[in-house]
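Thank you all for making the time; I would like to take you through one model this morning, and I will go piece by piece before stepping back to the whole chain. Please have the sequence and the view in front of you as I talk.

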Amino acid sequence: SSRQVTPLVDIYETADELVLLADLPGADDQGLRLEVEQGVLTLEAQVAEDQDATKSCYYRQFKLSERIDSDAGNAVLKDGVLTLRLPKVTAAKPKKITVKTLH
C-alpha cells in the first residue's frame, strides 16, 4: 500500500529568483522528480517503505509565473530539504533608473 503526503514548503522571492524550500525527510535524489509542464511545477518524491510496509510519496504542484525561467533552475537535496532555485527571466528583473539633478 502507499500514501500520498503533502510536503511543507516555504517559497520566497528575491530580485533575481524564486526559491522553494521543501521538507522531504526520507527522500533521496533517486526517487525525486521535478518537472515543469505548461507552467505547472510538479514535485514528487518516493520514500522507502516504513515498518508497516507502507510506501510514501510526497506530491505537490505549483503554478509558476511567466516571469520565471524554469529551464535554468537548479535543485539541491540535502538532509531531507530540497532547495530549488528558479531564476527570473531578464525582462522580469527590476531595473534601476538613474536620476540626474539639473541645476
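Let me begin with the hairpin of strand 4 and strand 5, which has two residues between its strands, and in whose turn Q38 has a positive phi of about 55°. I should say at once that this is a predicted model, so every value I quote is computed from predicted coordinates. The phi of Q38 deserves a second look, since a positive value appears here in a residue other than glycine. Is Q38 buried or exposed in that loop? With a relative accessible area of 74%, Q38 is exposed, because the cut-off for that word is over 50%. There is also a relation across the sequence to keep in mind, namely that the C-alpha atoms of Q38 and L64 are separated by 9.1 Å, although the two residues are 26 apart along the chain.

Moving from the turn into the strands themselves, strand 4 and strand 5 are paired in the antiparallel sense, over seven bridges, and A27 is found opposite V47 of strand 5. These two strands belong to an open sheet of four, whose order is 1-6-5-4 and whose pairing is mixed. At the edges of that sheet stand strand 1, residues 2-5, and strand 4, residues 27-37, and because each has a single partner strand, one side of each is left without a neighbour in the sheet. From one strand to the next, the twist in this sheet averages 20°. Where does the parallel pairing come in? It is strand 1 and strand 6 that pair in the parallel sense, over four bridges, with Q4 standing opposite C57 in strand 6.

As a reminder of the general background, strands of a sheet pair through backbone hydrogen bonds, and they do so either parallel or antiparallel.

The other sheet is also open and also made of four strands, in the order 2-3-8-7, and here the pairing is antiparallel. Its edges are strand 2, residues 9-13, and strand 7, residues 74-78, each of which has a single partner strand, so that one side of each lacks a neighbour in the sheet. Direction ignored, neighbouring strands of this sheet are turned by 15° against each other on average.

Within this second sheet I would draw your attention to strand 7 and strand 8, the latter covering residues 81-87, which run antiparallel and are joined by five bridges. Among the residue pairs there, L77 stands opposite L82, and K78 has V81 as its bridge partner. These strands form a hairpin with two residues between them, in which D79 takes a positive phi near 55°. D79, again, is not a glycine; it lies in the loop between strand 7 and strand 8, and its relative accessible area of 72% makes it exposed.

Now to the interior. Which residues have the most contacts inside the largest nonpolar core? That core has 17 residues, and the ones in question are L20, A22, L24, L41, L43, Y58 and L86. The elements that contribute two or more residues are strand 3 (17-23), strand 5 (40-47), strand 6 (55-63) and strand 8, and the largest share, four residues, comes from strand 5. L43 is a useful example to click on: if we leave aside its neighbours within four places in sequence, its contacts include L20, A22, L24, Y58 and L82, and also P7 and R33. In general terms, nonpolar side chains in soluble globular proteins tend to be buried together.

Finally, the chain as a whole. Its secondary structure amounts to zero helices and eight strands. The radius of gyration is 18 Å, well over the 13 Å that the globule rule gives for 103 residues, so the chain is more spread out than a compact globule. Along the principal axes, the C-alpha trace spans about 80 × 30 × 20 Å. Buried residues make up 28% of the 103 residues, and the accessible surface comes to about 7400 Å², with 48% of that belonging to carbon and sulfur atoms. As for contacts between residues at least 6 apart in sequence, 47% of them join residues at least 24 apart.

That is the tour, and I am happy to go back to any part of it.

Terms used: Residues are numbered from 1 along each chain as its sequence is written. This is a predicted model: local features need pLDDT of at least 70, side-chain atom pairs count only at pLDDT 80 or more; totals for chains, interfaces and linings use all residues. Side-chain values use heavy atoms; hydrogens and water are left out. Two strands pair if DSSP finds at least two bridges between them. Axes are lines fitted to C-alpha atoms, for helices over the stretch in contact, and angles run from 0 to 180 degrees between N-to-C directions. A nonpolar core is a set of buried Ala, Val, Leu, Ile, Met, Phe, Trp, Tyr and Cys residues joined through side-chain atoms within 4.5 Å. Buried means under 20% relative accessible area, exposed over 50%, partly exposed in between (1.4 Å probe, protein chains only). Contact means heavy atoms within 4.5 Å. The radius of gyration is taken over C-alpha atoms; the globule rule is 2.2 Å times the number of residues to the power 0.38. Accessible areas come from the Shrake-Rupley method with a 1.4 Å probe; for residues, only the protein chains shown count as cover.
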